Amino acid sequence: MGDSRKNIREFPSEVQKAVGYALQLVQSGETPMDAKPFKGVGSGV
């Protein structure tokens, strides 16, 4: 969203790979190992 892609490209290479892998897992319906529940917004978020 917005300029997030540009921002991620400014991260170090290893961080870009980790973020890309986590996004790939989420897109395929899986949960990254270091994912945490997002609390305080509402049920199901």
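Here a colleague asks about a predicted model and the modeller replies.

Colleague: How many helices and how many strands does the protein chain have?
Modeller: This is a predicted model. Its chain has 45 residues. The count comes to 2 helices and 0 strands.

Colleague: What does the C-alpha trace span along its principal axes?
Modeller: The trace is taken along three principal axes, using C-alpha atoms. The spans are about 35 × 20 × 15 Å.

Colleague: What share of the residues counts as buried?
Modeller: Buried means under 20% relative accessible area. The accessible surface of the chain is about 4300 Å², with 58% of it on carbon and sulfur atoms. Of the 45 residues, the buried share is 4%.

Colleague: How far does helix 2 reach from its first C-alpha to its last?
Modeller: Helix 2 covers residues 13-27. It has 15 residues, and 21 Å is expected at 1.5 Å a residue. The reach in the model is close to that, at 21 Å.

Colleague: Which residue with a positive phi follows helix 2?
Modeller: Helix 2 ends at residue 27. After the helix comes a residue with phi near 90°. That residue is Gly29.

Colleague: Which residue forms a salt bridge with Lys6?
Modeller: Side chains of opposite charge can pair when their charged atoms come close. For Lys6, the closest N and O atoms of the pair are 3.5 Å apart, and a salt bridge needs them within 4 Å. Lys6 is partly exposed at 47% relative accessible area, while its partner is exposed at 59%. The partner is Glu10.

Colleague: Why are Glu14 and Lys17 separated by about one helical turn?
Modeller: An α-helix has 3.6 residues a turn, so residues three or four places apart point the same way. Glu14 and Lys17 both sit in helix 2, and their side chains meet in a salt bridge at 3.6 Å, N to O. Both residues are exposed. They are about one turn apart because their spacing in the helix is 3 residues.

Colleague: Is Ala22 buried, partly exposed or exposed?
Modeller: Ala22 lies in helix 2. Its relative accessibility is 22%. Buried needs under 20%, and exposed needs over 50%. So Ala22 counts as partly exposed.

Colleague: What distance separates the C-alpha atoms of Ala22 and Ala35?
Modeller: Along the chain, Ala22 and Ala35 are 13 residues apart. In space, their C-alpha atoms are separated by 8.8 Å.

Colleague: How far apart are the mean positions of the positive and negative charges?
Modeller: The chain has 6 positive and 5 negative charges. Each set has a mean position, and the two lie apart by 2 Å.

Note on methods
Residues are numbered from 1 along each chain as its sequence is written. This is a predicted model: local features need pLDDT of at least 70, side-chain atom pairs count only at pLDDT 80 or more; totals for chains, interfaces and linings use all residues. Side-chain values use heavy atoms; hydrogens and water are left out. Buried means under 20% relative accessible area, exposed over 50%, partly exposed in between (1.4 Å probe, protein chains only). Helices (H or I, at least four residues) and strands (E, at least two) are DSSP runs, numbered from the N terminus. Accessible areas come from the Shrake-Rupley method with a 1.4 Å probe; for residues, only the protein chains shown count as cover. Lys and Arg count as positive and Asp and Glu as negative; His and the chain ends are not counted. The place of a charge is taken as NZ of Lys, CZ of Arg, CG of Asp or CD of Glu. The expected span of a helix is 1.5 Å times one less than its number of residues.
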